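Here's a quick briefing to read alongside the structure. Have the viewer open, and let's walk through it topic by topic.

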Amino acid sequence: MTAAAPGGPHVVVVGSGIAGLITALHAVEHGCRATLVTKDVLEHANTRYAQGGIAGVMFDDDRVEDHIRDTLTAGADLNDPAAVRVLAEEGPARIRELVELGVSFDRDADGVFLKGLEAAHSYPRILHSGGDATGTAIEKALVARLRASDVRVIEHAFLVDLEVTDGRTTGVELLMDDEPGAVGARGTIRADAVVLATGGAGELYAHTTNPPVATGDGIAAAIRAGAAVSDLEFFQFHPTVLEGKADAAGIGGSEAFLVSEAVRGEGAALIDEHGRRFTFDAHPDGELAPRDVVARAIARQMEAQDGRPVFLDATGLRPTYHERAEFLARRFPTIDRAVRDRGLDWAREPIPVTPAAHYLMGGVTTDLFGRTSLPGLYAVGEVARTGVHGANRLASNSLLEGAVFGARAGDVIAEDSASGAWAVLAPTPEVSGPVEEPALRFADTPPFSRGALQELMWEDAGLVRDETGLRQAASVISAWRSADRRPRTEAELEDENLLLVAAHVVAAALARRESVGAHFRRDDPATSTPHALASAPATRRVETEIAPILRSFDTSRGVA
């Protein structure tokens, strides 16, 4: 990587996952001065939790067109085809770049990449590192390269808001919060461009695979600044998670532990409490059906069992106990440790699993280079809605998206700045405005806590939704947002961000009345039959329908 140009444009990257790290490295290579800001330590990002791997056309008998088709099929054809083509065509180069940056993907004795199969892929194109530690390997390599670069790093800095001057992004307001519960100092960093790489919003839900830092900060800041967001109704729920426990305030939900789809790719089965494989009732591909179908099949089976869990059965992967134990420890070392730390022996018996919120397909709307509708503001990674994922993300496309579109954004920022006229995405009409206050009010609105919000979202805006539940959620969130809380600490600011993003997720889910992809409406006539767990293809988009739902809340902080 080349050194930053002394007089080059200054870019602030907010977030330290794969997308943010790649963006910063590429921006410096193209002559920018870069500052990377992260709310925790540099290494603590969603990327490090990614077990499944990274998808890419790296083998001679695979085809880019097949990766494109698989991605479009998983996304219910609501993807942006141009974005999907960029992902599939440029993905192999970005994977090779990761290798050059120090990521060691698993290989066989001949030095050939090992192939992994995951749900909804027509070819075993998933690469792994350390068996099931791909995200950790990528994060470690990129952080090491970044620390050796000219990128300035600021840790323990919380994004309060974007600075906007004369309609253009000009910096970020930060809260330096070194001690939990303390009120830290605030400050502003001026910038020629800001890149949001803050990840998703898994902390919206009572059950999530995300770390506690995933509180929707970038999406909320973008909404307040007036940037367009879209597809927020599409939240993916991972089917197989070992349950964890949150504290009384609802913080700490990330103790739940994801059991990678790759386990099912190796042949593990999902069974009910009587040992029957039930997912084939919902889809002919059974355990390897798209994630949304499998997650809803599990939820329905758990409901039929009065809430008792279903089980992931890996006891058929090898003929003897010792062979299974050795294989599972070697192929899935991270999962194996987590399972055994919970007192379970998955080589001997099935383990209980439940769905959990995993990945947000929507976010800040961008073009193919990360540009948003707000001049000078870019978004990459899970915080962005690039159009790659459509209504449902294909397994192991998220790391690839972060690498591909992070590089694209980093490559154009200096050129955009030098042009003197920042290129921007044309604004969309859906959620740039305020959220409409629901006409329906519930007298028994509970006191606000993060845990109460998470339970509300899980019950009424989770795996299965309907008009009544969504309107109840909208009413309760409206009441909570109307309160004058005056947030000061990082946790309080996170809560305000979660409330704002929750309001927009619920509004988007109300506007989209048909079931499609990860968004499932039980009151959609096309999917209201007892066994209709697979969503029908969408016939329309909902951008123009969300604006009326999002009209009467002032989205400035703390004011309803």
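**Salt bridges and a parallel sheet**

Glu496 and Arg485 join their side chains in a salt bridge, with N to O at 2.7 Å. That pair ties together distant parts of the chain, 11 residues apart: Glu496 sits in helix 13 (residues 490-511), while Arg485 is in the loop between helix 12 (467-482) and helix 13. Keep in mind that this is a predicted model.

**More on the salt bridges**

- Glu496 counts as buried because its relative accessibility is 10%, under the 20% cut-off.
- Its partner Arg485 comes out as partly exposed, with a relative accessible area of 27%.
- Asp70 and Arg69 also form a side-chain salt bridge, at 3.6 Å from N to O.
- In that pair, Asp70 is buried at 5% relative accessible area, whereas Arg69 is partly exposed at 39%.
- Glu514 and Arg512 make another one, at 3.1 Å from N to O.
- Here Glu514 is buried with a relative accessible area of 10%, and Arg512 is buried too, at 0%.
- Shared partners link Lys39, Glu203, Asp217, Arg450, Glu494 and Asp495 into one salt-bridge network.
- The full count for the model is 43 salt bridges.

**Around Arg291**

- You'll find Arg291 in helix 7, which covers residues 291-304.
- Arg291 has a relative accessible area of 6%, so it falls under the 20% limit and counts as buried.
- Its side chain makes a polar contact of 2.7 Å with the side chain of Gln236.
- A second side-chain polar contact, at 2.9 Å, goes from Arg291 to Glu261.
- Leaving out residues up to four places away in sequence, Arg291 touches a set of residues including Glu118, Phe237, His238, Pro239, His358 and Asn392.

**The five-strand sheet**

- There's an open sheet of 5 strands, paired in parallel, in the order 5-2-1-9-17.
- Strand 5 (152-154) and strand 17 (377-379) are the edge strands, each pairing on one side only.
- Ignoring direction, neighbouring strands of this sheet are turned by 20° against each other on average.
- Inside the sheet, strand 1 (residues 10-14) and strand 9 (residues 193-196) pair in the parallel sense over 4 bridges.
- Val14 stands opposite Leu196, which belongs to strand 9.
- Helix 10 (residues 398-419) lies across strand 1, strand 9 and strand 17, and runs at about 170° to strand 17.

Key:
Residues numbered from 1 in each chain as written. Predicted model: local features only at pLDDT ≥ 70, side-chain atom pairs only at ≥ 80, totals over all residues. Heavy atoms only, no water. Helix = DSSP H or I, 4+ residues; strand = E, 2+ residues; numbered from the N terminus. Buried < 20%, exposed > 50% of the residue type's maximum accessible area, 1.4 Å probe, protein only. Polar contact = N/O pair within 3.5 Å; in protein donor to acceptor, adjacent residues only side chain to side chain. Contact = heavy atoms within 4.5 Å. Pairing = 2+ DSSP bridges. Axes fitted to C-alpha atoms, helices over the stretch in contact; angles between N-to-C directions. Salt bridge = Lys/Arg side-chain N within 4 Å of Asp/Glu carboxyl O.
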